[in-house]
Amino acid sequence: MNDYFEIPTQVMFWDEGEGKYAFGIGYRDEVICGCCGGIFEIEDIVAETPSGQQPIYSYGDDWADLSEEIFGGEYPNDYPTRGQV
């Protein structure tokens, strides 16, 4: 097993099924999708990325808000906040 990420790292990765980049968490040799929660092997992402495109971009130490990706590009203003459920 080749560990690409030693610690959980926020990434943008090529999603072959959607034909675009998605956001998630890279850890060891996998990426957990921030939208669907699916787990993707990094080797599969690399193999499915079109030639000339980078398969995975790391956000480094700064973490971005995944809310828009998780909620399909629309911020959930009408969802209850913590403690209101």
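**Sheet, core and ring pairs of the chain**

Among contacts in the chain between residues at least 6 apart in sequence, 44% join residues at least 24 apart. This figure, like every value below, comes from a predicted model. The chain holds two helices and five strands, and along the sequence these elements follow the pattern β-β-β-β-α-β-α. Of the 85 residues in the chain, 28% are buried. The area exposed by the chain is about 6100 Å², of which carbon and sulfur atoms supply 48%.

It is convenient to begin with the sheet. Strands of a sheet pair through backbone hydrogen bonds, either parallel or antiparallel. Here five strands make an open sheet in the order β4-β3-β2-β1-β5, and the pairing is antiparallel. The edges are taken by β4 and β5; each has a single partner strand, so one side of each is left without a neighbour in the sheet. On average, neighbouring strands of this sheet are turned by 35° against each other, direction ignored.

Two hairpins can be followed within the sheet. The antiparallel strands β1 and β2 are joined by eight bridges, and the hairpin they form has four residues between the strands. In its turn, G19 has a positive phi of about 70°. Two bridge partners help to place the register of this pairing: F5 is matched with R28 in β2, and F13 is matched with A22 in β2. The next pairing, between β2 and β3, is also described as antiparallel and runs over four bridges. Here I25 stands opposite I32 in β3, and one residue lies between the two strands of the hairpin.

The interior comes next. The largest nonpolar core has nine residues in all: F5, V11, F13, A22, V31, C33, I42, I45 and I56. At least two residues of this core are supplied by each of β1, β3 (30-33) and α1 (42-48). The largest share, three residues, comes from β1. Leaving aside residues up to four places away in sequence, F5 touches V11, G26, Y27, R28, I42 and I56. R28 thus appears both among the contacts of F5 and as the bridge partner of F5 in β2.

F13 deserves a closer look. This residue sits in strand β1 (residues 5-15) and has a relative accessible area of 1%; it is therefore buried, the limit being under 20%. Residues up to four places away in sequence not counted, F13 touches K20, Y21, A22, F23, G24, V31, C33, F40, I45, P55 and I56. Several of these are fellow members of the nonpolar core, among them A22, V31, C33, I45 and I56.

The contact with F40 leads on to the aromatic residues. A pair of aromatic rings is described by the distance of the centres and the angle of the planes. The count of aromatic pairs comes to three. In one of them, the ring centres of F13 and F40 are 5.7 Å apart and the planes stand at 40°, so the pair is tilted. This pair links distant parts of the chain, with F13 in strand β1 and F40 in strand β4 (residues 39-41), 27 residues apart. The C-alpha atoms of F13 and F40 are separated by 9.9 Å. How buried or exposed is each partner? F13 is buried, at 1%, whereas F40, with a relative accessible area of 29%, is partly exposed, because this value falls between the limits of 20% and 50%.

Another aromatic pair is formed by Y21 and Y57, with 5.7 Å from centre to centre and 65° between the planes, an edge-to-face arrangement. Y21 lies in strand β2 (residues 20-28) and Y57 in strand β5 (residues 56-58), so the pair ties together parts that are 36 residues apart in sequence. Y57 has a relative accessible area of 33% and is partly exposed. Ring pairs also bring in W14, linking W14, Y21 and Y57 into a cluster.

Taken together, these details give a picture in which F13 is a good point of reference. F13 is bridged to A22 in β2, belongs to the largest nonpolar core and is paired through its ring with F40. Y21, one of the residues that F13 touches, belongs in turn to the cluster with W14 and Y57.

Methods
Residues numbered from 1 in each chain as written. Predicted model: local features only at pLDDT ≥ 70, side-chain atom pairs only at ≥ 80, totals over all residues. Heavy atoms only, no water. Buried < 20%, exposed > 50% of the residue type's maximum accessible area, 1.4 Å probe, protein only. Contact = heavy atoms within 4.5 Å. Phe/Tyr/Trp six-rings, centres within 6.5 Å; stacked < 30°, edge-to-face > 60°. Core = buried A, V, L, I, M, F, W, Y, C linked by side-chain atoms within 4.5 Å. Pairing = 2+ DSSP bridges. Axes fitted to C-alpha atoms, helices over the stretch in contact; angles between N-to-C directions. Areas by Shrake-Rupley, 256 points an atom, 1.4 Å probe, with all protein chains shown as cover.
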